[in-house]
Amino acid sequence: VIFEYAYTVSLLPTTKADTDENEFYGSLERSNFVIFVASTFGEGDPPMMAVSFHSHLVNAAKDRENARWLKDLKYGVFALGSSNYPNFAAFGKFIDKKLQDLGGQALVDIGFGDDQLDQEQAFQVWVDNLYKVSSEQFLDC
(Lines give C-alpha, C1' and ligand atoms only; values in the text may rest on other atoms or scores of the structure.)
Protein backbone atom coordinates (compact mmCIF):
# COMPACT_ATOMS: atom_id res chain seq x y z
CA VAL A 1 0.00 0.00 0.00
CA ILE A 2 2.81 2.43 0.83
CA PHE A 3 4.07 2.12 -2.77
CA GLU A 4 0.82 3.64 -4.06
CA TYR A 5 1.72 6.97 -2.44
CA ALA A 6 5.02 7.26 -4.28
CA TYR A 7 4.60 5.25 -7.48
CA THR A 8 2.08 4.38 -10.14
CA VAL A 9 1.22 0.80 -9.20
CA SER A 10 -0.15 -1.91 -11.50
CA LEU A 11 -1.05 -5.44 -10.49
CA LEU A 12 -0.35 -8.01 -13.17
CA PRO A 13 -1.41 -11.55 -12.31
CA THR A 14 0.69 -14.11 -14.14
CA THR A 15 -2.49 -15.46 -15.72
CA LYS A 16 -2.21 -12.39 -18.01
CA ALA A 17 0.81 -14.11 -19.58
CA ASP A 18 -1.66 -16.68 -20.95
CA THR A 19 -4.43 -14.35 -22.10
CA ASP A 20 -2.53 -11.27 -23.30
CA GLU A 21 1.16 -11.97 -23.55
CA ASN A 22 2.03 -8.68 -25.29
CA GLU A 23 0.28 -6.62 -22.62
CA PHE A 24 1.83 -8.61 -19.78
CA TYR A 25 5.45 -8.53 -20.96
CA GLY A 26 5.08 -5.01 -22.39
CA SER A 27 3.95 -3.78 -18.97
CA LEU A 28 6.93 -5.44 -17.33
CA GLU A 29 9.29 -3.91 -19.88
CA ARG A 30 7.91 -0.39 -19.30
CA SER A 31 8.06 -0.63 -15.50
CA ASN A 32 10.67 1.15 -13.39
CA PHE A 33 10.78 -1.92 -11.21
CA VAL A 34 8.71 -5.03 -10.62
CA ILE A 35 7.80 -6.86 -7.43
CA PHE A 36 7.24 -10.59 -7.75
CA VAL A 37 5.43 -12.43 -4.96
CA ALA A 38 5.78 -16.10 -5.81
CA SER A 39 4.29 -19.14 -4.14
CA THR A 40 5.56 -22.66 -4.65
CA PHE A 41 3.31 -25.63 -5.31
CA GLY A 42 3.94 -29.24 -4.34
CA GLU A 43 7.55 -30.28 -4.66
CA GLY A 44 8.93 -26.98 -5.95
CA ASP A 45 6.70 -26.29 -8.92
CA PRO A 46 5.12 -22.99 -9.93
CA PRO A 47 1.43 -22.64 -9.11
CA MET A 48 -0.91 -23.43 -12.01
CA MET A 49 -1.55 -19.73 -12.66
CA ALA A 50 2.18 -19.16 -13.25
CA VAL A 51 3.07 -22.15 -15.46
CA SER A 52 3.10 -20.00 -18.63
CA PHE A 53 5.32 -17.38 -16.95
CA HIS A 54 7.66 -20.17 -15.78
CA SER A 55 7.86 -21.50 -19.34
CA HIS A 56 8.56 -18.01 -20.67
CA LEU A 57 11.52 -17.64 -18.31
CA VAL A 58 12.86 -21.08 -19.28
CA ASN A 59 12.56 -20.19 -22.98
CA ALA A 60 14.08 -16.74 -22.44
CA ALA A 61 17.29 -18.40 -21.33
CA LYS A 62 17.40 -20.19 -24.70
CA ASP A 63 16.38 -17.17 -26.81
CA ARG A 64 17.80 -13.97 -25.35
CA GLU A 65 16.37 -11.85 -28.18
CA ASN A 66 12.88 -12.55 -26.87
CA ALA A 67 14.13 -11.77 -23.35
CA ARG A 68 15.11 -8.15 -24.03
CA TRP A 69 12.47 -7.00 -21.52
CA LEU A 70 14.58 -8.64 -18.81
CA LYS A 71 17.77 -6.74 -19.54
CA ASP A 72 18.29 -4.20 -16.79
CA LEU A 73 14.87 -4.97 -15.26
CA LYS A 74 14.97 -3.85 -11.66
CA TYR A 75 13.00 -6.13 -9.41
CA GLY A 76 12.39 -7.71 -6.04
CA VAL A 77 11.22 -11.26 -5.30
CA PHE A 78 9.40 -12.41 -2.19
CA ALA A 79 9.18 -16.21 -2.24
CA LEU A 80 6.53 -18.12 -0.33
CA GLY A 81 6.72 -21.74 0.73
CA SER A 82 6.83 -24.21 3.55
CA SER A 83 10.01 -25.34 5.26
CA ASN A 84 8.27 -28.72 5.68
CA TYR A 85 9.13 -29.37 2.01
CA PRO A 86 12.66 -29.96 0.70
CA ASN A 87 12.27 -27.44 -2.15
CA PHE A 88 11.33 -24.52 0.08
CA ALA A 89 10.22 -21.46 -1.94
CA ALA A 90 11.68 -23.01 -5.10
CA PHE A 91 9.61 -21.04 -7.61
CA GLY A 92 10.59 -17.70 -6.10
CA LYS A 93 14.24 -18.79 -6.09
CA PHE A 94 13.85 -19.82 -9.73
CA ILE A 95 12.44 -16.41 -10.71
CA ASP A 96 15.24 -14.57 -8.91
CA LYS A 97 17.97 -16.71 -10.50
CA LYS A 98 16.52 -16.49 -14.02
CA LEU A 99 16.06 -12.72 -13.82
CA GLN A 100 19.65 -12.27 -12.65
CA ASP A 101 20.99 -14.66 -15.31
CA LEU A 102 19.15 -12.71 -18.01
CA GLY A 103 20.38 -9.28 -16.97
CA GLY A 104 17.88 -8.22 -14.33
CA GLN A 105 19.04 -6.31 -11.27
CA ALA A 106 17.61 -7.18 -7.86
CA LEU A 107 17.01 -4.06 -5.78
CA VAL A 108 17.12 -6.14 -2.59
CA ASP A 109 17.94 -9.72 -1.69
CA ILE A 110 15.18 -12.24 -2.18
CA GLY A 111 12.78 -12.39 0.76
CA PHE A 112 11.23 -15.56 2.16
CA GLY A 113 7.87 -16.25 3.74
CA ASP A 114 7.66 -19.60 5.48
CA ASP A 115 4.14 -20.79 6.26
CA GLN A 116 5.56 -22.42 9.40
CA LEU A 117 6.58 -19.00 10.71
CA ASP A 118 5.17 -15.48 10.54
CA GLN A 119 4.94 -14.82 6.78
CA GLU A 120 3.31 -11.43 7.25
CA GLN A 121 6.11 -10.19 9.48
CA ALA A 122 8.76 -11.50 7.08
CA PHE A 123 7.01 -9.77 4.19
CA GLN A 124 6.70 -6.49 6.10
CA VAL A 125 10.43 -6.41 6.87
CA TRP A 126 11.28 -7.25 3.26
CA VAL A 127 8.87 -4.76 1.67
CA ASP A 128 9.95 -1.96 4.02
CA ASN A 129 13.53 -2.50 2.89
CA LEU A 130 12.45 -2.61 -0.76
CA TYR A 131 10.57 0.66 -0.34
CA LYS A 132 13.61 2.32 1.24
CA VAL A 133 15.98 1.14 -1.49
CA SER A 134 13.58 1.93 -4.34
CA SER A 135 12.88 5.39 -2.93
CA GLU A 136 16.60 6.17 -2.77
CA GLN A 137 17.08 4.98 -6.34
CA PHE A 138 13.95 6.36 -8.03
CA LEU A 139 12.67 9.22 -5.88
CA ASP A 140 15.91 10.94 -4.83
CA CYS A 141 15.10 10.46 -1.14
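**Notes on a predicted model, beginning at Ser82**

1. Leaving aside its neighbours within four places in sequence, Ser82 is in contact with Phe88, Asp114, Asp115 and Gln116. Ser82 itself belongs to the loop between β2 and α5, and with a relative accessible area of 9% it is buried, since buried means under 20% relative accessible area. Please keep in mind throughout that this is a predicted model.

2. The loop between β2 and α5 also holds Ala89, which counts as buried at 1% relative accessibility. The backbone deserves a look here, for the phi of Ala89 is near 55°, a positive value in a residue other than glycine.

3. It may help to step back to the whole chain, which has six helices and four strands. Read from the N terminus on, the order of these elements is α-α-α-β-α-β-α-β-β-α. Of the 141 residues in the protein chain, 40% are buried, and the accessible surface comes to about 8,400 Å², with 49% of it belonging to carbon and sulfur atoms. Among the contacts with a separation of 6 or more, 75% are between residues 24 or more positions apart.

4. Which residues have the most contacts inside the largest nonpolar core? They are Phe36, Phe53, Leu57, Trp69, Leu70, Ile95 and Leu99, in a core that has 21 residues. At least two residues of this core are supplied by each of α3 (21-30), β1 (34-38), α4 (51-62), β2 (74-81) and α5 (90-101), and the largest share, four residues, comes from α5. Apart from this core lies another, of seven residues, among them Phe33, Trp126, Val127 and Leu130. As background, nonpolar side chains in soluble globular proteins tend to be buried together.

5. Leu70 is a useful residue to select in the viewer when following the largest core. Not counting residues up to four places away in sequence, Leu70 touches Leu57, Ala60, Leu99, Leu102, Gly103 and Gly104. Of these partners, Leu57 and Ala60 are among the buried residues of α4, while Leu99 is among those of α5. Gly103, which follows α5, has a positive phi near 105°.

6. Helix α4 has 12 residues and reaches 17 Å from its first C-alpha to its last, close to the 16 Å expected at 1.5 Å a residue. Its buried residues are Phe53, His56, Leu57 and Ala60. Seen down the axis of α4, these buried residues fall within an arc of 95°, so they line one face of the helix.

7. Helix α5 also has 12 residues, which should span 16 Å at 1.5 Å a residue, and its end C-alpha atoms are 16 Å apart, so the two values agree. In α5, the residues Ala90, Phe91, Gly92, Phe94, Ile95, Asp96, Lys98 and Leu99 are buried; the buried residues of this helix pack against β1, α4, β2 and β3 (105-106).

8. Lys98 is worth a separate remark, as a lysine placed in helix α5 and listed among the buried residues there. Leaving aside its neighbours within four places in sequence, Lys98 is in contact with Leu57 and Ala61. Lys98 and His54 stand 44 residues apart in sequence, and their C-alpha atoms are 9.8 Å apart in space.

9. Helix α6 (residues 119-138) has 20 residues and reaches 27 Å between its first and last C-alpha atoms, which is close to the 28 Å expected at 1.5 Å a residue. Trp126, Val127, Leu130, Ser134 and Ser135 are buried in α6, and, seen down the helix axis, its buried residues fall within an arc of 165°, so they line one face of the helix. At the N-terminal end, α6 is capped by Asp118, a side-chain oxygen of which lies 3.3 Å from the backbone nitrogen of Glu120.

10. Is Gln137, a residue of helix α6, buried or partly exposed? Gln137 counts as partly exposed, at 40% relative accessibility, because that value lies between the 20% below which a residue is buried and the 50% above which it is exposed. Not counting residues up to four places away in sequence, Gln137 touches Lys74 and Leu107. Leu107 is 30 residues from Gln137 along the chain, and their C-alpha atoms are separated by 9.1 Å.

Notes
Residues are numbered from 1 along each chain as its sequence is written. This is a predicted model: local features need pLDDT of at least 70, side-chain atom pairs count only at pLDDT 80 or more; totals for chains, interfaces and linings use all residues. Side-chain values use heavy atoms; hydrogens and water are left out. A nonpolar core is a set of buried Ala, Val, Leu, Ile, Met, Phe, Trp, Tyr and Cys residues joined through side-chain atoms within 4.5 Å. Buried means under 20% relative accessible area, exposed over 50%, partly exposed in between (1.4 Å probe, protein chains only). Contact means heavy atoms within 4.5 Å. The expected span of a helix is 1.5 Å times one less than its number of residues. The arc is that of the directions from the helix axis to the C-beta atoms. A polar contact is a pair of N or O atoms within 3.5 Å; within protein, one must be able to donate a hydrogen and the other to accept it, and residues adjacent in sequence count only if both atoms are side-chain atoms. Accessible areas come from the Shrake-Rupley method with a 1.4 Å probe; for residues, only the protein chains shown count as cover.
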